[in-house]
Amino acid sequence: MIDPADEVVRFASELIAIDTTNASDNGGPGTERPAAEYVAEKLTEVGYDVTYVESGAPGRGNVIARLPGADPERGALLVHGHLDVVPADAAEWSVHPFSGEIRDGYVWGRGAVDIKGTLAMTLAVARGLRREGVVPPRDLIFAYVADEEAGGFTGARWLVDHRPELFEGATEAISEVGGFSVTVGDGARAYLVETAEKGVMWLRLKARGVAGHGSLLHTDNAVAKLAAAITRLDQHRFPLVLTGPVHDLLAGLAEMTGVPFDPDDPEPAVARLGHLSRLVGATLRDTAAVTMFEAGYKGNVVPSTARATVDGRMLPGREKAFEAELAAVLGPDIEREWDSLPPVETTFDGALVDAMAAAIGAEDPGARLLPYMLSAGTDAKSFQRLGIRHFGFAPLRLPPELDFTSLFHGVDERVPVEGLRFGVRVLDRLLRNC
Ligand SMILES: [Zn+2]
């Protein structure tokens, strides 16, 4: 009999070796097709009926398959992940980023943690369930989609708009960036389940001024105006708001470590979290980071316009306030246009959460599940438009010293082989009992 835990490492390595770099920021043609075909073939091989969809642009492959459950009255569980990855510069890496090399107990390469390792886990588990003829408690929908790294415009977002019937009946979903372990205090482990995500506002800013020869006096310089506004924004601190999931995470960790935390002043507790503090710290307030600046075309010409791009992230419930605060800080001279994706939030309770805790507890006795908020965004933003509750739960038991969050989109991205095998065992238990 094939053990899914034996398949997962090979799948992770082979999926990494399929370069699905998503270099586009605007949903053009994509590179996902060969990875989508790989997943489709692995599912078809064990008897799934697979739907293959190219969403809006050539190469943007998506694969959806359903495993019927015992109780059609219960809502389906969507298990989704994206096929694309962010670019990687081979010159910076210890191994080739698209080698999928297995070395020192890790699978290495772009996508190892975001998200090919997770795809390999769900694929191995989906195959195991089908091979064994398992009828899960409710329908399971497995979805492997394009374009998450650029907002899902030709992936989840497109599918929700154009093919919602593929997700019919789904009430809950699990996907990436959650379920990983953190080691606290004297070796106790907590597994962080993502129950909320900040919203995204990608802003394009523009300042206008009077163009002219660089040698003359200028009182209305577009470049200077925009630079000043950007500096104000960079120095601005948005208000601290302790949201439910962040409170519950810090309270849970305080219980585990015995080090109390003050809800009125949570920043010292966040600072004590080691490498996790960058992620949790970014969920205490809204942020707005300038990422691109563009102006001018000649050294002796003051241009009439200057442009900048800002990556804004707002807490759940802060959408309107964030927009108003941005406008105030930037001032009336700066024109603003934006694309936005809303925050995501659900409660940390219910039968699915209980089943997650049971599955983790069976494989790592004594471990504790805690909710947390992701400072970034995922395809959950699109799927929540179908009324689907979302959890980040891609279980991985990690060595205590590994700085996991820095591996996302990082150099030398890698995932522990034993972590993947652990994740398969947990997911297998979860999907049989969800
Ligand atoms: Zn991802």
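**Sheets, helices and aromatic contacts in a predicted model**

Strands E9 (residues 188-197) and E17 are joined in the parallel sense over 7 bridges; two strands count as paired if DSSP finds at least two bridges between them. This is a predicted model, in which local features need pLDDT of at least 70 and side-chain atom pairs count only at pLDDT 80 or more, while totals for chains, interfaces and linings use all residues. Residues are numbered from 1 along each chain as its sequence is written, and side-chain values use heavy atoms, with hydrogens and water left out. Helices (H or I, at least four residues) and strands (E, at least two) are DSSP runs numbered from the N terminus.

Within the E9 pairing, Glu194 has Tyr372 as its bridge partner in E17. Of the 7 residues of E17, 6 are buried, so this strand is largely enclosed by the rest of the structure. Here buried means under 20% relative accessible area, exposed over 50%, and partly exposed in between (1.4 Å probe, protein chains only).

Tyr372 also leads to the aromatic contacts. The structure holds 8 aromatic pairs. Rings of Phe, Tyr and Trp (its six-membered ring) pair if their centres lie within 6.5 Å; planes under 30 degrees apart count as stacked, over 60 as edge-to-face and the rest as tilted. One of the pairs is edge-to-face and joins Phe180 to Tyr372, with 5.8 Å centre to centre and 75 degrees between the planes. Phe180 lies in strand E8 (residues 180-184) and Tyr372 in E17 (residues 368-374), so the contact ties together parts that are 192 residues apart in sequence. Both Phe180 and Tyr372 are buried, and together with Phe404 and Phe408 they form one aromatic cluster.

A tilted pair is formed by Phe238 and Phe322, at 5.2 Å centre to centre and 45 degrees between the planes. Because Phe238 lies in the loop between H5 and helix H6 (244-257) and Phe322 in helix H9, this pair links parts that are 84 residues apart in sequence. Phe238 counts as buried at 2% relative accessibility, and Phe322 is buried with a relative accessible area of 0%.

Helices H5 and H9 both meet an open sheet of 4 strands. Its order is E12-E14-E10-E15, with antiparallel pairing. At the edges are E12 (287-295) and E15 (335-341), each pairing on one side only, and the twist averages 15 degrees from one strand to the next. E10 (residues 199-208) and E15 pair over 7 bridges, and Lys206 has Glu335 as its bridge partner in E15. Helix H9 (residues 319-330) packs on the sheet, touching E10, E12, E14 and E15, and its direction makes about 20 degrees with that of E10. Contact means heavy atoms within 4.5 Å, and axes are lines fitted to C-alpha atoms, for helices over the stretch in contact, with angles from 0 to 180 degrees between N-to-C directions. Helix H5 (residues 222-235) lies across E10, E12 and E14 (305-314), running at about 15 degrees to E14.

A further open sheet has 3 strands in the order E4-E5-E19, with antiparallel pairing. Its edge strands are E4 (102-103) and E19 (414-416). E4 and E5 (residues 106-108) pair over 2 bridges, and Arg103 stands opposite Tyr106 in E5. Helix H12 (residues 417-432) packs on this sheet, touching E4, E5 and E19, at about 65 degrees to the direction of E19.
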